[in-house]
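This report describes a predicted model. The sections below treat the salt bridge, the sheet, the disulfide and the surface in turn.

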Amino acid sequence: MSDTQKWYIVKHKNGQCEIVPSTQLEGEEESERWGFFAYPQDAIARRVGLILAGKCQPA
């Protein structure tokens, strides 16, 4: 069984949310984080929902 990549949504101090793989979370300073997501498409859909809900600013 292969090790699958996990994806997270990270909210930065400026209010923008970014989708990052779990390998880039090391040392990442964020105010909020959502995830994990098995596929980046799932993270994109959730990020759109967070933007529509006013929790994130679009990039």
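## Salt bridge

A salt bridge is taken here as a side-chain nitrogen of Lys or Arg within 4 Å of a carboxyl oxygen of Asp or Glu. The side chains of Lys 11 and Glu 32 form such a contact, with an N to O distance of 3.8 Å. The two residues belong to distant parts of the chain, 21 residues apart, with Lys 11 in strand E1 and Glu 32 in strand E3. The structure holds one salt bridge.

The partners are assigned to separate accessibility classes: Lys 11 counts as buried at 17% relative accessibility, whereas Glu 32 counts as partly exposed at 34%. The class of Lys 11 follows because buried means under 20% relative accessible area.

## Sheet

Three strands make up an open sheet with antiparallel pairing, in the order E2-E1-E3. Strands E2 and E3 (32-37) occupy the edges; each has a single partner strand, so one side of each is left without a neighbour in the sheet. From one strand to the next, the twist averages 20°.

Strand E1, which spans residues 7-11, pairs with E3 in the antiparallel sense over five bridges. Within this pairing, Ile 9 has Trp 34 of E3 as its bridge partner. The salt bridge between Lys 11 and Glu 32 likewise links strand E1 to strand E3.

## Disulfide

The structure holds one disulfide. This bond joins Cys 17 to Cys 56, with an S to S distance of 1.8 Å. The cysteines lie 39 residues apart and link distant parts of the chain: Cys 17 is in strand E2 (residues 17-21), and Cys 56 is in the segment after H1. The disulfide thus involves one of the edge strands of the sheet, E2.

The torsion about the S-S bond is about -65°, so the disulfide of Cys 17 and Cys 56 is left-handed. Both cysteines are buried: the relative accessible area is 4% for Cys 17 and 2% for Cys 56.

## Nonpolar surface patch

Ile 44, Val 48 and Leu 52 make a nonpolar surface patch of about 310 Å². Of these residues, Leu 52 lies in helix H1, which covers residues 40-52. Leu 52 is exposed, with a relative accessible area of 73%; this class applies because exposed means over 50%.

Conventions:
Residues numbered from 1 in each chain as written. Predicted model: local features only at pLDDT ≥ 70, side-chain atom pairs only at ≥ 80, totals over all residues. Heavy atoms only, no water. Patch = residues over 30% accessible without salt bridge, like charges linked within 9 Å, V, L, I, M, F, W, Y side chains within 5 Å. Areas by Shrake-Rupley, 256 points an atom, 1.4 Å probe, with all protein chains shown as cover. Helix = DSSP H or I, 4+ residues; strand = E, 2+ residues; numbered from the N terminus. Buried < 20%, exposed > 50% of the residue type's maximum accessible area, 1.4 Å probe, protein only. Disulfide = S-S within 2.5 Å. Pairing = 2+ DSSP bridges. Axes fitted to C-alpha atoms, helices over the stretch in contact; angles between N-to-C directions.
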